[in-house]
Amino acid sequence: MENRIENRMKETLPAKFYTDPKYFTEELEQFYFKRWICVGRTEQIGKPGSYFLAEIGGESIIVTRSLEGKIHAFFNVCRHRGTRLCDKESGSFNGRIACPYHSWTYGLDGRLVGAPHMADVVGFSMDNYSLHAVNCDTWDGHIFLDISKAAGKLQDQLGPLQEKFRAWRSEDLLIGKRIAYTVKANWKLIIQNYSECLHCPVIHPGLKKLTHYLSGDNEPLSPHYLGGSMDLNEGVVTMTATGKTDRQIFPHLSAEQRRHVYYYWVLPNLLLSFHPDYVMTHTLWPRSADVTEVICEWHFHPDEFKRADFNCEDAVDFWDAVNKEDWHVSELSQLGIQSRVYSPGPYSHRETLLHGLDSILTGGR
């Protein structure tokens, strides 16, 4: 009886999981506000006082570096009358964070250091009005936030991934290119598309020349991440239109690592692609049930930037084309699921990973 239950047909999710605004709001709370989420790279705030904003679910978070070099994150909300402190996506503070409304001023560690006209207010103490802090931590050069302060340790969420890709030395890599995409599809459709390559022969003519869509292996499903590898075809060095490049292969990769590309998703919003000569990342920012902003970045060894002839466009152009193919088919999926006649369809035996992914993303609902 148990085997019959395990082998029974598994189906895709009902439409509400991709279209219902109420479920979308609940989902953001569960996955983006109660887990560690990746918001950017330490490189983006390389100097003390530099900052960028992370926007999710109507909340704005300031991520900055203090004068002592420590990374901090705060809600973008003044403690005086609630005004947003910053309205530019990135920039640099001159040693202080100042409210543009009534000039309350905060140190880069969030402490209130200036509050005009409050000195004679009985019971007021600047110690009680620091900015609302957000837990932050880093891994491999990525900055993670725990908005709820209840997600536990980042190390527990990452598990074995912390050491799995040490050979790439990702914390030392530098951004060569950054592209922002707006995809008219639910964020889960993008992850599902990323997590299988059965569509590759049809959707990605350039990709199938470099790797076979049935090559490689997937790891067993984890509650916090999933992923696997794909083999590079014979004669292919890396993922570019030609399969070639003049960049050096990362020096610490094993012979096996040089012959594979590794694709991993870290729940909820970080997609990692490890190539022999670069690392590509996507971060997903759901804006509504049917719109997702995707930030794609290409990261390269710092020695490459020292070369007068350094050029990363071979990797960028290749994946920009593949990205757009994926976004288009994800949007087609969204449109079809929104139809009144849509009903869950059957998964094949090669899509069991997606069914497990559905269970994680819906909490078994």
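In what order do the three strands of the open sheet stand? In this predicted model, the order is 6-7-8, and the pairing is antiparallel. Strand 6 (96-98) and strand 8 (112-114) stand at the edges, each with a single partner strand, so one side of each has no neighbour in the sheet. Direction ignored, neighbouring strands here are turned by 35° against each other on average. If you look at strand 7 (residues 105-107), you will find two bridges joining it to strand 8, with the two strands running antiparallel. One residue pair to look for is Tyr-106 with its bridge partner in strand 8, Leu-112.

**Strand 14 and its partners**

Let us move along the chain to strand 14. Is this strand enclosed or open? Five of the five residues of strand 14 (residues 270-274) are buried, so the strand is largely enclosed by the rest of the structure. Its side chains point two ways: Leu-270, Leu-272 and Phe-274 go one way, Leu-271 and Ser-273 go the other, and all are buried.

Which strands pair with strand 14? One is strand 13 (residues 260-266), which pairs with strand 14 in the antiparallel sense over five bridges. Within this pairing, Trp-265 stands opposite Leu-271 of strand 14. The two strands form a hairpin, with three residues between strand 13 and strand 14. Strand 15 (residues 279-288) is also joined to strand 14 by five bridges, and these two run antiparallel. Here Phe-274 has Val-279 of strand 15 as its bridge partner. Strand 14 and strand 15 form a hairpin too, this time with four residues between them.

**Two helices that cross**

Next comes a pair of helices. Two packed helices are described by the angle between their axes and the distance between those axes. For helix 3 (residues 21-31) and helix 10 (residues 352-362), the angle is about 90° and the axes are 10 Å apart. An angle of 65 to 115 degrees counts as roughly perpendicular, and helix 3 and helix 10 are therefore roughly perpendicular to each other. Helix 3 brings Tyr-23, Glu-27 and Phe-31 to the contact, while helix 10 brings Ile-360, Leu-361 and Thr-362. By kind, the residues of this contact divide into four nonpolar, one polar and one charged.

**The cysteines**

How many disulfides does the model hold? The count comes to one disulfide. Cys-197 and Cys-200 form it, with their sulfur atoms 1.8 Å apart, which is within the 2.5 Å cut-off for a disulfide. The torsion about their S-S bond is about -110°, so the disulfide is left-handed.

Why is Cys-38 not bonded to another cysteine? The closest cysteine sulfur, in Cys-136, is 13 Å from the sulfur of Cys-38, which is too far for a bond. Cys-296 is in no disulfide either: the nearest cysteine sulfur, that of Cys-312, is 11 Å away.

Are these cysteines buried or exposed? A residue counts as buried when its relative accessible area is under 20%, and the table shows the values.

| Cysteine | Relative accessible area | Buried or exposed |
|---|---|---|
| Cys-197 | 14% | buried |
| Cys-200 | 4% | buried |
| Cys-38 | 2% | buried |
| Cys-296 | 0% | buried |

So Cys-197 is buried at 14%, and Cys-296, at 0%, is buried as well.

How values were computed. Residues numbered from 1 in each chain as written. Predicted model: local features only at pLDDT ≥ 70, side-chain atom pairs only at ≥ 80, totals over all residues. Heavy atoms only, no water. Buried < 20%, exposed > 50% of the residue type's maximum accessible area, 1.4 Å probe, protein only. Pairing = 2+ DSSP bridges. Axes fitted to C-alpha atoms, helices over the stretch in contact; angles between N-to-C directions. Parallel < 35°, antiparallel > 145°, perpendicular 65-115°, else oblique. Contact = heavy atoms within 4.5 Å. Nonpolar A, V, L, I, M, F, W, Y, C, P; charged D, E, K, R; others polar.
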